[in-house]
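I opened my notebook for this chain today and went through it one stop at a time. Here is what I looked up, in the order I did it.

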Amino acid sequence: MASWGRVAGVLRNFWRRPWSYRTLHRALGPGVVGSVVGSGLIYYHFEPSKRFLPFTVHAEEEKVLPVSQTSARRMRFNQFASMMYDKELYMTPRDFLFSIMLENVDRKLQNKALTKKEVDKMLDAATRAQAGNSLFRNFGDDGLISYTEYLFLLTILTKPHTGFHIAFKMLDIDGNEHVDRKEFLKLKKIIGKIKEKVPKEGATDMKPVVEEDGVNTTLQAFFFGRNGENKLQYNGFCRFMEDLQAEVQEMEFLQFSKGMDTMRREDFAEWLLHYTNEEANEAYWENMRKRIPAGQSITFDEFKAFCLFTNNLEDFAFSVKMISEANRPIGMVQFKRAVKIATGHDLSENVLDTVFKIFDLDGDNCLSHKEFIGVMEDRVLRGLKVQPQRGITDYWKCVKRETLKGAQEALRDTGSPF
């Protein structure tokens with residue numbers, strides 16, 4: 001009883017102090033208000049039957065998903081697509097190339113509504129087109145690319161040469177060593193479902209993409225002819241993939257080299273960090289300014305070899321684990337050897353030196369390969385990497401952080417009551 005009496009006395013003295021209530025009010029007020037408001041919003045969201053409005057307005061369903069429920073890939077497609085046909089958005093080949101090189105459209109014009117006559121003219125041109133590493137540039141705006149074909153082309157850009165045959169086998173459903181138009185359309189639907197599937201945590205894609213099979217496109221006409229009568233052989237498919245990768249590499253090189261035959265090492269660093277969203281980016285730029293002297297350049301062949309390496313990141317990561325201790329930084333010799341194992345080619349000393357001078361944060365001539373691969377994955381996916389959702393867990397972390405911040409500010413002004 002004596003112990004409880006002492007406790008009661010301490011509490012009475014504490015509450016009699018003139019600043020006690022004011023301090024706690026200032027400290028806990030923001031957090032409590034945030035908690036109440038946030039809890040109400042969560043309750044309002046998950047308990048629609050308890051909402052105050054006695055009526056519900058049903059809007060007509062739109063084909064294009066709301067921004068908050070649209071994947072990064074769909075948003076990029078909608079942003080760059082410039083053609084409309086049969087109430088569906090389509091990219092032109094030029095649109096696709098721009099979506100790869102640019103992050104945003106500065107000035108978006110109204111989408112052009114195409115007539116059947118205009119589409120037929122595009123398809124006739126596609127059947128006469130010759131394969132090459134300027135195919136998409138030759139098409140320009142005279143062509144149609146659907147959303148699922150956009151996903152298909154993005155996959156091609158990130159696939160190593162060793163995966164070309166696997167990609168063709170996926171197309172060749174009946175295993176007869178060639179692909180027809182029907183098999184290609186089936187794969188398009190599969191790609192649409194996979195890319196738009198909603199994981200438990202991650203992408204914000206909401207439902208599979210459904211496109212009409214009856215609308216012919218430039219890729220279909222190029223692969224299978226105007227009426228779908230041709231067959232696509234592996235050699236032709238492999239040539240198309242190699243040409244597309246080469247075309248994009250050439251355009252990106254010219255973009256960052258400002259049209260010159262060689263790329264400065266600082267321009268190469270800018271290309272490396274383009275589309276990445278790493279907290280250490282400023283440190284990488286500081287490394288570049290301090291460690292890379294002006295007047296040194298990288299050739300297009302060196303650039304292509306590095307692009308080949310970025311398309312083999314998974315094999316590279318596996319090679320690193322085989323030749324180095326797990327989660328240990330790797331030196332230039334081990335790095336070069338892992339690249340050789342993964343790609344079958346060597347990176348030049350010029351490119352290797354540039355990479356290490358940019359990404360070696362502590363100056364020990366070693367790289368943290370996990371951090372480096374993370375940056376390279378962002379680079380390869382061109383800003384379309386799936387970002388985690390902000391869920392209830394993150395919300396309560398925010399409430400806790402703001403509550404503690406309010407408490408610290410109040411106690412700084414009045415002094416600690418304890």
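**Entry 1: loops with positive phi**

Does lysine 258 count as buried or exposed? I looked that up before anything else, keeping in mind that this is a predicted model. Lysine 258 has a relative accessibility of 54%, and since the cut-off for exposed is over 50%, it counts as exposed. I found lysine 258 in the loop that links helix 11 (234-256) with strand 6 (263-264). Its backbone caught my eye: phi is near 60°, positive in a residue other than glycine. I reminded myself that most residues other than glycine have a negative phi.

Glutamate 177 went on the same page. This residue is not a glycine either, yet its phi is positive at about 70°. I placed glutamate 177 in the loop between helix 8 (164-171) and strand 4 (178-179). Its relative accessible area is 41%, so I noted glutamate 177 as partly exposed.

**Entry 2: the chain as a whole**

I then stepped back for the overview. The chain holds 19 helices and nine strands. It has 418 residues, of which 42% count as buried. I also checked how far along the sequence the contacts reach: of those with a separation of 6 or more, 73% are between residues 24 or more positions apart.

**Entry 3: a three-stranded sheet**

Which order do the strands of the open sheet follow? It is 2-1-3, and the pairing is mixed. Strand 2 (88-90) and strand 3 (112-113) are the edge strands with a single partner each, so each has one side without a neighbour in the sheet. I recalled that strands of a sheet pair through backbone hydrogen bonds, either parallel or antiparallel. Strand 1 (residues 83-85) and strand 2 run antiparallel and are joined by three bridges. I traced one pairing by hand: methionine 83 has tyrosine 90 in strand 2 as its bridge partner.

Still in strand 2, I stopped at glutamate 88. Glutamate 88 is partly exposed, at 26% relative accessibility. I followed it to valine 215, which is 127 residues away in sequence but 9.9 Å away in space, C-alpha to C-alpha.

**Entry 4: the cores**

Next I went inside. The largest nonpolar core has 51 residues, and Phe96, Phe136, Tyr150, Leu153 and Phe240 have the most contacts inside it. Helix 7 (residues 147-157) is the top contributor to this core, giving eight residues. A second core, separate from it, has 38 residues, among them Met288, Phe306, Val320 and Leu352.

I took a closer look at phenylalanine 136. Leaving aside residues up to four places away in sequence, it touches Pro93, Phe96, Leu97, Ile145, Leu153, Phe240, Leu244 and Glu247.

Helix 7 deserved its own note. Ten of its eleven residues are buried, so the rest of the structure largely encloses helix 7. The buried residues of helix 7 include Tyr147, Thr148, Glu149 and Tyr150.

**Entry 5: helix 12**

How many of the nine residues of helix 12 (residues 265-273) are buried? I counted eight, so helix 12 too is largely enclosed by the rest of the structure. Charged names turn up in the buried set as well: Arg265, Glu266 and Asp267 are among them, along with Phe268 and Trp271. After helix 12 comes tyrosine 275, with a positive phi near 75°.

**Entry 6: helix 13 and its surroundings**

I ended the day on helix 13 (residues 281-291), which packs against helix 17 (residues 349-359) at about 125°, with the axes 7 Å apart. The two helices are therefore oblique to each other. I listed the residues that meet: Tyr284, Asn287 and Arg291 from helix 13, and Phe356, Lys357, Ile358 and Phe359 from helix 17.

Past helix 13, in the loop before strand 7 (297-298), I came to glycine 295. Glycine 295 is exposed, with a relative accessible area of 70%. Its C-alpha atom is 7.0 Å from that of arginine 264, a residue 31 places away along the chain.

Last, I checked the record. The unreviewed UniProt entry annotates residues 159-194 and 347-382 as "domain: EF-hand". Over residues 347-382 I found 67% helix and 6% strand, with the end C-alpha atoms 22 Å apart.

Key
Residues numbered from 1 in each chain as written. Predicted model: local features only at pLDDT ≥ 70, side-chain atom pairs only at ≥ 80, totals over all residues. Heavy atoms only, no water. Pairing = 2+ DSSP bridges. Helix = DSSP H or I, 4+ residues; strand = E, 2+ residues; numbered from the N terminus. UniProt positions renumbered as here; feature names shortened; annotations may be inferred. Core = buried A, V, L, I, M, F, W, Y, C linked by side-chain atoms within 4.5 Å. Buried < 20%, exposed > 50% of the residue type's maximum accessible area, 1.4 Å probe, protein only. Contact = heavy atoms within 4.5 Å. Axes fitted to C-alpha atoms, helices over the stretch in contact; angles between N-to-C directions. Parallel < 35°, antiparallel > 145°, perpendicular 65-115°, else oblique.
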